[in-house]
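Colleague: I am new to this model. Please take me through the sheet closely, and then place it in the rest of the chain.

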Amino acid sequence: MCSGAGPIDVELAERLKGKKYKCKKCGATFEAVGKHPMCPTCESEDVVEV
Ligand SMILES: [Zn+2]
């Protein structure tokens, strides 16, 4: 059994994500993890949690 990223990792990722952010620059909304979310559209870090 060397499947690498198994169901446990997926479950953990699902639990970690779910924080939604909105970019103040372009208005895009997205989900991100970590302390420094970045807009995937314009790559701005000027985002707010929604
Ligand atoms: Zn943006």
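Modeller: The sheet is open and has three strands, in the order β2-β1-β3 with antiparallel pairing. The strands at the edges are β2 (29-31) and β3 (47-49). Each has a single partner strand, so one side of each is left without a neighbour in the sheet. Neighbouring strands are turned against each other by 35° on average, direction ignored.

Now look at one pairing. β1 and β3 run antiparallel, and three bridges join them. One residue pair to find here is lysine 22 and valine 48: the valine, in β3, is the bridge partner of the lysine.

How far can you trust this? The model is predicted. Among the elements, strand β1 (residues 20-23) has the highest mean pLDDT, 96. Helix α1 (residues 7-16) has the lowest, 66. Where pLDDT is low, the predicted coordinates should not be read in detail. Over the whole protein the average pLDDT is 84, and 74% of the residues score at least 70.

Next, the setting. The protein has one helix and three strands. Along the sequence they follow the pattern α-β-β-β. The sheet order is β2-β1-β3, so read the strand labels with care when you trace the chain.

Two figures cover the whole protein. It has 50 residues, of which 6% count as buried. Take the contacts with a separation of 6 or more: residues 24 or more positions apart account for 23% of them.

Notes: Residues numbered from 1 in each chain as written. Predicted model: local features only at pLDDT ≥ 70, side-chain atom pairs only at ≥ 80, totals over all residues. pLDDT = per-residue confidence, 0-100. Helix = DSSP H or I, 4+ residues; strand = E, 2+ residues; numbered from the N terminus. Buried ≥ 20, exposed ≤ 12 C-beta atoms within 10 Å, placed from the backbone. Contact = placed C-beta atoms within 7 Å. Pairing = 2+ DSSP bridges. Axes fitted to C-alpha atoms, helices over the stretch in contact; angles between N-to-C directions.
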